[in-house]
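Work through the exercises below with the sequence and the structure beside you. Try each task before reading its solution.

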Amino acid sequence: MTGKLHGIIPPMTTPFNAEGEIDEKAFRAQVRFFLDKGVHGICVGGSTGEGHTLTRDEFRQLMAATVEEVGGKVPVVAGIIANSTREAILRARDIDDLNVDALQITPVHYLFKPSEEATYQHFRTLAESVKQPVIIYNVIPWNYLSPAQLIRIMREIPGVIGVKQSQGDMKLMADLLLDVPEGKLVFSAVDALLYPSFALGSPGTIAANPAAVPGVCVALWDAVQRGDHATAMEIHTRMLRFWNTIVGDNLPACVKYALELQGCPVGLPRAPMPVASEAQKAAIAPALRHVLEMEGQGVRIAAE
């Protein structure tokens, strides 16, 4: 499994209509859009997909649609956001019969923080109760897992195959990559710093930037893999300017606007999240045009 999961794995957005219902037709079109961009995997139900708003039935609906559209072309990761061990297990079991390659599981994120030992037991019970391997999504500021804690979990719990490191902490990313147990994965969700993450040896990314500009992220990945750091740095610079226009409390809505501008309409966010404001749109559009110039252009730029 660890060999299959690599590269650019965008987290799908979830298209909602004005009544807050899922638009499955738009969702399926989005899967095809990502596949056409050459991504290496698909993630569903994460924070970019507003997974915290999904019922179990909706989660199952989206996962089934994704697996059908993907048709085995790339790995599929299921994002599970739940506030109890029991709920996380139930959501995983809801998709037992689907061809899902891994679970991306967010630590408990409600007000009360479990102890370090309780968090360890949470992931042990999860990994021993589900059939899919687990990736920890280290994103919750008040329940942030240290490198030592993550490495212990990955070393001692076979079903936990890796971590998705977020929160913009490049030092933590570097420490994880330095000491990660053999065969385990450290994916980057440090959106502003995907290039240095790849250069340090991260095997890939599951993050909002790949959801917003998947083709550009594939170009960045390819540039780093072939050692073309001049092109990678140019992509990084443009992508950072773009990232600075979409990051915020309504990030999923801004990702949706960026996709819409690329001919992939993905509906509205689910209330109470607001749509991208006029000011956000005015900033996003030119930054998006600038970064999209890098899509598929790595070899040309490197040769100039």
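A residue is called buried when its relative accessible area is under 20%, exposed when that area is over 50%, and partly exposed in between. Keep in mind throughout that the structure is a predicted model.

**Exercise 1. Describe the overall form of the protein, and decide whether its radius of gyration agrees or disagrees with that of a compact globule.**

Solution. Begin with the inventory of elements: the protein has 13 helices and eight strands. Next, take the extent of the C-alpha trace, which spans about 50 × 45 × 35 Å along the principal axes. For 304 residues, a compact globule would have a radius of gyration near 19 Å, and because the protein has 18 Å, the value agrees. Then turn to burial and contacts: buried residues make up 58% of the 304 residues, and of the contacts between residues at least 6 apart in sequence, 72% join residues at least 24 apart. Finally, consider the surface, where the protein exposes about 12,200 Å², with carbon and sulfur atoms supplying 53% of it.

**Exercise 2. Classify Asp 101 and Lys 4 by their accessibility, and state what joins their side chains.**

Solution. With a relative accessible area of 7%, Asp 101 falls under the 20% limit and is therefore buried. Lys 4, at 44%, is partly exposed, because this value lies between the two limits. The two side chains meet in a salt bridge, with a distance of 2.7 Å from N to O. This pair links distant parts of the chain, since Asp 101 lies in the loop between helix 3 (85–94) and strand 4 while Lys 4 lies in the segment before strand 1 (7–8), 97 residues apart. In general, side chains of opposite charge can pair when their charged atoms come close. The structure holds 19 salt bridges.

**Exercise 3. Find which parts of the chain are tied together by the salt bridge between Arg 28 and Glu 68, and then examine the pair Arg 270 and Glu 58.**

Solution. The side chains of Arg 28 and Glu 68 meet at 3.3 Å, N to O. Arg 28 belongs to helix 1 (residues 24–36) and Glu 68 to helix 2 (residues 56–70), so the pair ties together parts that are 40 residues apart in sequence. The partners differ in burial, for Arg 28 is buried at 16% relative accessible area, whereas Glu 68 is exposed at 58%.

For the second pair, the salt bridge between Arg 270 and Glu 58 has a distance of 2.8 Å, N to O. Arg 270 is in the loop between helix 11 (251–261) and helix 12 (278–292), Glu 58 is in helix 2, and the two are 212 residues apart. Arg 270 is buried at 14%, and Glu 58 is buried at 12%. To finish, note that salt bridges sharing partners join Glu 24, Arg 28, Arg 32, Glu 68 and Glu 69 into one network.

**Exercise 4. Trace how strand 6 pairs with strand 5 and with strand 7, and explain why strand 6 is described as largely enclosed.**

Solution. Strand 5 (residues 134–138) pairs with strand 6 in the parallel sense over five bridges, and strand 6 (residues 160–165) pairs with strand 7, also in the parallel sense, over four bridges. Follow Gly 162 as a guide: Ile 135 stands opposite Gly 162, and the bridge partner of Gly 162 in strand 7 is Leu 185. Strand 6 is largely enclosed by the rest of the structure because six of its six residues are buried. In strand 7 (residues 185–188) both faces are covered, with Leu 185 and Phe 187 buried on one side and Val 186 and Ser 188 buried on the other.

**Exercise 5. Locate the cis peptide bond, the positive phi of a residue that is not a glycine, and a nonpolar surface patch.**

Solution. As background, most residues other than glycine have a negative phi, and most peptide bonds are trans. The bond from Ala 271 to Pro 272 is cis, with omega near 15°, and Pro 272 is placed in the loop between helix 11 and helix 12. Glu 50 has a positive phi of about 55°; this residue is found in the loop between strand 2 (42–44) and helix 2, and it counts as buried because its relative accessibility is 1%. The patch, of about 410 Å², is made by Tyr 110, Leu 111 and Phe 112. Tyr 110 lies in the loop between strand 4 (102–105) and helix 4 (116–129), and at 52% relative accessibility Tyr 110 counts as exposed.

Notes: Residues numbered from 1 in each chain as written. Predicted model: local features only at pLDDT ≥ 70, side-chain atom pairs only at ≥ 80, totals over all residues. Heavy atoms only, no water. Patch = residues over 30% accessible without salt bridge, like charges linked within 9 Å, V, L, I, M, F, W, Y side chains within 5 Å. Areas by Shrake-Rupley, 256 points an atom, 1.4 Å probe, with all protein chains shown as cover. Salt bridge = Lys/Arg side-chain N within 4 Å of Asp/Glu carboxyl O. Buried < 20%, exposed > 50% of the residue type's maximum accessible area, 1.4 Å probe, protein only. Rg over C-alpha atoms; globule rule 2.2 N^0.38 Å. Contact = heavy atoms within 4.5 Å. Pairing = 2+ DSSP bridges.
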